[in-house]
Structure formats: structure tokens, C-alpha cells
Amino acid sequence: MAADPTLPLADLFASLAPAARVIGLDLGTKTIGLALSDLGRRIATPLETIRRKKFSLDVAELLAICEKTQVAAMVIGLPLNMDGSEGPRAQATRAFVRNLAPLTALPIAYWDERLSTTAVTRTLLEADTSRAKRADVVDKMAASFILQGALDRMQTAGREARAAREREQGFLE
């Protein structure tokens, strides 16, 4: 089995320039939902949905969007089971990433996407969104949910690291 081509999330974010966008992906069997971060990597916004055809066409469209939006990295939702184990969807996601990685220089990280589509669907239902509209937006909104989780985690980690440095400096002075 090939080595995992992804980076831990913290390493991915540490490797990025200060003002660099990140794209989030929600891989489904029929679609790939996409979301884009702002330059400050604080807010994820739903971008679009790619209708899956075959791997080479899907990746060509994805990489064209990455180039157009000038992203510096990818965060891909990893659909773990509720107990943390990996089922067929997680294995399919890992296979997609193994095949994608040699085709791009962009660093890639996974983010646990458990219940992302469920949460987004519930939100859309609460907003009384029609079934047709839900079907049209759920994948890119799930990608946004995934990316926002990763962005929030990195913001929290950054605050914690700054607080630790400040405490350490306070003790040293």
C-alpha cells in the first residue's frame, strides 16, 4: 500500500503563506462539494458542486478551479464511522487522494467530516428549504462545514500557542 500523501492539519496550515486560500472538499459518489476560505482563513464559503463523471475529468475540473481561485492547499472531508473506524466511503476518499496527490503540488489534509451532511441537511430543513434547492446546495454547504471546522481548529490552535508563548515569556521575565 502506498504511503499516505496527506499532511496533519497543523503542518498543512503551518506551511501556508499568511494570506493563502484553502479549498474544502466533500467527496460523494455522485458529486464533489467545494468551499473556499477567505485569505485570512477565518471563513469558509460554499463555492460550487462538481458532478462526478470519471476520475480524470473530475480532477481536471477540480484543479482548474484550484488554479482559478488561487488556492494554496486542500482540506478533504474523511467520512469516518461514528466509532472512528473507516468504512468503504473513507477508503474511497483515501483512494481518491492517493490518485490525486501525484497530479498536484497542493498540500492536502483530511478533516473528520462525521455528520457534516446531516448537520447541513438539518439546517436547510429548519430554514424550510425546498427538496430541489437542498439537493442543489447540500454538497457545497457540507464542504463549507468541513472547511470551517478545519479553519476553526487552526484558529484555536493558534490562540493556544500564542497564550502558551505569552505565559512562558511572563515566567521568564
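Gln-70 sits in the loop between H2 and E4. With a relative accessibility of 64%, over the 50% cut-off, Gln-70 counts as exposed. Its phi is near 55°, a positive value in a residue other than glycine. The model is predicted, and the chain averages a pLDDT of 88, with 86% of the residues scoring at least 70. On either side of this loop are helix H2 (residues 55-69) and strand E4 (residues 71-78), both of which belong to the arrangement described below.

**Confidence**

- Among the elements of the chain, H2 has the highest mean pLDDT, 98.
- The lowest mean, 67, belongs to helix H4 (residues 116-126).
- Where pLDDT is low, the predicted coordinates should not be read in detail.

**Sheet**

- Five strands form an open sheet in the order E3-E2-E1-E4-E5, and the pairing is mixed.
- The edges are taken by strand E3 (44-51) and strand E5 (108-112); each has a single partner strand, so one side of each lacks a neighbour in the sheet.
- From one strand to the next, the twist averages 25°.
- Strands of a sheet pair through backbone hydrogen bonds, either parallel or antiparallel.

**Strand pairs**

- E1 and E2 form a hairpin, with three residues between the two strands.
- The E1 and E2 pairing is antiparallel and extends over five bridges; in it, Gly-24 stands opposite Ala-35 of E2.
- On E1 (residues 21-27), five bridges also lead to E4, and these two strands run parallel.
- Within the E1 and E4 pair, Leu-25 has Ile-76 as its bridge partner, and Ile-23 stands opposite Met-74.
- E4 is joined to E5 by five bridges as well, again with the strands parallel; here Leu-78 stands opposite Asp-112 of E5.
- The chain passes from E4 through H3 to E5, a β-α-β crossover that is right-handed.

**Helices on the sheet**

- H2 lies across E1, E2 (31-37), E3 and E4, and runs at about 150° to E3.
- Helix H3 (residues 88-100) lies across E1, E2, E4 and E5, at about 155° to E4.

**Nonpolar cores**

- In soluble globular proteins, nonpolar side chains tend to be buried together.
- The largest nonpolar core has 24 residues, of which Ile-23, Leu-25, Leu-34, Leu-62, Met-74, Ile-76 and Leu-100 touch the most other members.
- E1, E2, H2, E4, H3 and E5 are the elements that give two or more residues to this core.
- A second core of 17 residues is separate and includes Ala-44, Val-75, Ala-109 and Met-154.
- E1 is mostly covered, with six of its seven residues buried.
- Leaving aside neighbours within four places in sequence, the contacts of Ile-23 include Leu-34, Ala-35, Leu-47, Leu-62, Ile-65, Cys-66, Met-74 and Leu-147.

**Leu-78**

- Leu-78 is found in strand E4 and counts as buried because its relative accessibility is 6%, under the 20% cut-off.
- Not counting residues up to four places away in sequence, Leu-78 touches Glu-86, Ala-90, Thr-93, Arg-94, Tyr-110, Trp-111, Asp-112 and Glu-113.
- One of these contacts, Arg-94, is 16 residues from Leu-78 in sequence, and the C-alpha atoms of the two are 8.0 Å apart.

**Loop residues**

- Arg-41 lies in the loop between E2 and E3 and has a positive phi of about 55° although it is not a glycine.
- Most residues other than glycine have a negative phi.
- Arg-41 counts as buried, because its relative accessibility of 11% is under 20%, whereas Gln-70 counts as exposed at 64%.
- Ala-105 lies in the loop between H3 and E5 and is exposed, because its relative accessibility of 80% is over 50%.
- The C-alpha atoms of Ala-105 and Ala-73 are separated by 8.8 Å, and the two residues are 32 apart along the chain.

Technical notes. Residues numbered from 1 in each chain as written. Heavy atoms only, no water. Pairing = 2+ DSSP bridges. Helix = DSSP H or I, 4+ residues; strand = E, 2+ residues; numbered from the N terminus. Axes fitted to C-alpha atoms, helices over the stretch in contact; angles between N-to-C directions. Contact = heavy atoms within 4.5 Å. Buried < 20%, exposed > 50% of the residue type's maximum accessible area, 1.4 Å probe, protein only. Core = buried A, V, L, I, M, F, W, Y, C linked by side-chain atoms within 4.5 Å. Right-handed = clockwise from strand over helix to strand, strands pointing away. pLDDT = per-residue confidence, 0-100.
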